[in-house]
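Work through these exercises with the structure open. Each task is followed by a worked solution.

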Amino acid sequence: MENSSRLPDPRRAGARILDAAEGVLLALRGCTLNQAFVEIVQTAKSHNVSTLSLADALVAIAQTQSCHDIDDAAFAVARAAWGDLFDQTPQRRAVSPSPPQCDDEDDDEAVSGA
């Protein structure tokens with residue numbers, strides 16, 4: 001059987017998008033991967049958008065790529081939730097001594113509701 005004839009597994013693609021979005025928040029905020037995951041899930045739920053669509057929009061913003069393939073509602077939510085993090089200068093983020101700013105303090109409780 002030829003590998004090129006198989007379709008990509010959408011679950012794997014979704015996991016990669018979510019991993020990338022978690023990495024974006026980790027880099028911008030200095031939070032843990034678990035805190036980043038919880039923040040993405042909670043933000044998606046509170047704005048009634050798909051978690052994967054929100055993650056995809058966050059990665060698109062980070063890559064400053066064209067957003068024509070991104071869900072408009074998810075893009076608006078991502079820009080409202082995290083846009084200010086991209087507006088800061090890289091030097092300020094790198095020097096900032098402040099602790100992680102991810103929204104959730106109690107990761108276990110938030111994840112159980114996800």
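**Exercise 1. Is alanine 21 buried or exposed? Find its place and its partners.**

Solution. Start with accessibility in this predicted model. Alanine 21 has 0% relative accessibility. The cut-off for buried is under 20%, so alanine 21 counts as buried. Next, place the residue: alanine 21 sits in helix H1, which covers residues 10–29. Now list the contacts, leaving aside neighbours within four places in sequence. Alanine 21 touches Ile40, Ala55, Leu58 and Val59. Finally, check one distance. Alanine 21 and aspartate 56 are 35 residues apart along the chain, yet their C-alpha atoms are separated by 7.1 Å.

**Exercise 2. Classify alanine 20 by its accessibility, then give its C-alpha distance to alanine 62.**

Solution. Alanine 20 also belongs to helix H1. Its relative accessibility is 33%. Buried ends at 20% and exposed begins over 50%, so alanine 20 counts as partly exposed. For the distance, take the C-alpha atoms. Alanine 20 and alanine 62 lie 9.8 Å apart in space, with their positions 42 residues apart in sequence.

**Exercise 3. How many residues does the largest nonpolar core have, and which helix gives the most to it?**

Solution. Begin with the background: in soluble globular proteins, nonpolar side chains tend to be buried together. Here the largest nonpolar core has 23 residues. Those with the most contacts inside it are Ala21, Leu25, Ile40, Leu54, Leu58, Ala78 and Trp82. Then sort by helix. H1, H2, H3 and H4 each supply at least two residues of this core. H3 gives the most, with 7 residues. Now take one core residue, leucine 25, and again set aside neighbours within four places in sequence. Leucine 25 is in contact with Gly30, Cys31, Ala36, Glu39, Ile40, Leu58, Trp82 and Leu85.

**Exercise 4. Describe how H3 and H4 pack.**

Solution. Two values are needed: packed helices are described by the angle between their axes and the distance between the axes. H3 spans residues 51–63 and H4 spans residues 72–87. Their angle is about 45°, and their axes are 9 Å apart. Such an angle is neither under 35 degrees nor within 65 to 115, so H3 and H4 are oblique to each other. The crossing of H3 and H4 is right-handed. Now list the contact residues. H3 brings Ser53, Leu54, Ala57, Leu58, Ile61 and Ala62. H4 brings Ala74, Phe75, Val77, Ala78, Arg79, Trp82 and Phe86. Sorted by class, the contact of H3 with H4 has 11 nonpolar, 1 polar and 1 charged residues.

**Exercise 5. Repeat the analysis for H2 and H4.**

Solution. The angle between H2 and H4 is about 130°, and their axes are 11 Å apart. The roughly perpendicular range ends at 115 degrees and roughly antiparallel starts over 145, so H2 and H4 are oblique to each other. The crossing of H2 and H4 is right-handed. From H2, the contact uses Glu39, Ile40 and Thr43. From H4, it uses Val77, Ala81 and Trp82. By class, the contact of H2 with H4 has 4 nonpolar, 1 polar and 1 charged residues.

**Exercise 6. What is the phi of asparagine 48, and where is this residue found?**

Solution. Recall the background: most residues other than glycine have a negative phi. Asparagine 48 is not a glycine, but its phi is positive, about 55°. Locate it: asparagine 48 is in the loop between H2 (33–46) and H3. Check accessibility last. Its relative accessible area is 73%, so asparagine 48 is exposed.

**Exercise 7. Summarise the protein chain: how many helices and strands does it have?**

Solution. The protein chain has 6 helices and 0 strands. Along the sequence, the pattern reads α-α-α-α-α-α. Buried residues make up 32% of the 114 residues. Last, take the contacts with a separation of 6 or more. Residues 24 or more positions apart account for 61% of these contacts.

Terms used:
Residues are numbered from 1 along each chain as its sequence is written. This is a predicted model: local features need pLDDT of at least 70, side-chain atom pairs count only at pLDDT 80 or more; totals for chains, interfaces and linings use all residues. Side-chain values use heavy atoms; hydrogens and water are left out. Axes are lines fitted to C-alpha atoms, for helices over the stretch in contact, and angles run from 0 to 180 degrees between N-to-C directions. Helices (H or I, at least four residues) and strands (E, at least two) are DSSP runs, numbered from the N terminus. A crossing is left-handed if the near helix is turned anticlockwise from the far one by less than a right angle, and right-handed if clockwise. Contact means heavy atoms within 4.5 Å. Ala, Val, Leu, Ile, Met, Phe, Trp, Tyr, Cys and Pro count as nonpolar, Asp, Glu, Lys and Arg as charged, and the others, Gly among them, as polar. Buried means under 20% relative accessible area, exposed over 50%, partly exposed in between (1.4 Å probe, protein chains only). A nonpolar core is a set of buried Ala, Val, Leu, Ile, Met, Phe, Trp, Tyr and Cys residues joined through side-chain atoms within 4.5 Å.
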